[in-house]
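Trainee: I am new to this structure and would like a close look at a single part of it, the enclosed empty space inside. Could you take me through that part with care, and then go on to whatever else helps me read the model?

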Amino acid sequence: MDYFKFGQVIIPGNLVFWNKQYCYCIIPVVKLLPGHVLLIPKRQALRLQDLDPAEIFDLGLSVKFLTKNLEKYFDCTSSTVNISSFSNESDGLNHCFIHIIPRKEGDIKKNDDLYGLLENYPNDFIRQFHNTLGLGNAFSDQMRDTLSQEAKKYKEFLQQCLQEEIKLK
């Protein structure tokens, strides 16, 4: 099985549903809303501006494709796209990444509450990842299977969307 490095955690390949030359996308163990995914550069960098132009281009095209099609999958009208960057290696995951969160009207009582959740997200992700998917955890196999099945559905849906886009061109 392939593995992907995300800061100080190792992501099993079967949890990845979008795998491109410079980035990949996962369904996180901490979801802020249904459809919340993380788009992660393959090369570890603290900040988006530390990435090469080709890496940024790959991320940008992926954001465009994923937001459009995850909105369709979840019957949403918009998405919140948020970049998590770090000022130094002691912050959170030590790996910049992008949140893509499909949105519906009224999905959060106060829209600004989402930004508070995003601020603490890296530490919440690390803690929850180790609690649910970490080695020796009794729940890890069940949680990994659940996320793997969800990733498989996303992957199949996105492949179908990609084929439709190719036919239209």
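**The enclosed space and some buried residues**

Mentor: In this predicted model, the search for enclosed space gives a count of one cavity of 30 Å³ or more. The largest cavity holds about 40 Å³ of space, and its lining is made up of ten residues, with Ile11, Leu15, Ile26, Ile27 and Val29 lying nearest its centre. By character, the residues of that lining divide into ten nonpolar, no polar and no charged.

From the cavity we can turn to the cysteines. Searching the whole structure turns up zero disulfides; cysteine 25, for example, takes part in none, and the nearest cysteine sulfur, belonging to cysteine 23, is 8.0 Å away. Cysteine 25 counts as buried because its relative accessibility is 0%. For cysteine 161 the closest cysteine sulfur is the one in cysteine 25, and because the two sulfurs are 14 Å apart, they are too far from each other for a bond. Cysteine 161 is buried as well, its relative accessible area being 4%.

A last buried residue is alanine 45, with a relative accessible area of 6%, which is placed in the loop between strand S5 (37-41) and helix H1 (53-73). Although alanine 45 and histidine 95 are 50 residues apart along the chain, their C-alpha atoms are separated by 5.3 Å. If neighbours within four places in sequence are left aside, alanine 45 is in contact with Asp50, Leu51, Asn94, His95 and Cys96.

Note on methods. Residues are numbered from 1 along each chain as its sequence is written. This is a predicted model: local features need pLDDT of at least 70, side-chain atom pairs count only at pLDDT 80 or more; totals for chains, interfaces and linings use all residues. Side-chain values use heavy atoms; hydrogens and water are left out. A disulfide is a pair of cysteine sulfur atoms within 2.5 Å. Buried means under 20% relative accessible area, exposed over 50%, partly exposed in between (1.4 Å probe, protein chains only). Helices (H or I, at least four residues) and strands (E, at least two) are DSSP runs, numbered from the N terminus. Contact means heavy atoms within 4.5 Å. On a 1 Å grid over the protein atoms alone, a cavity is a set of points where a 1.4 Å probe fits but cannot get out, and a pocket is an open set with protein on both sides within 12 Å along at least five of seven lines; lining residues have an atom within 4 Å of a point. Grid points are joined across faces, edges and corners, and a volume is the space filled by probe spheres set on the points. Ala, Val, Leu, Ile, Met, Phe, Trp, Tyr, Cys and Pro count as nonpolar, Asp, Glu, Lys and Arg as charged, and the others, Gly among them, as polar.
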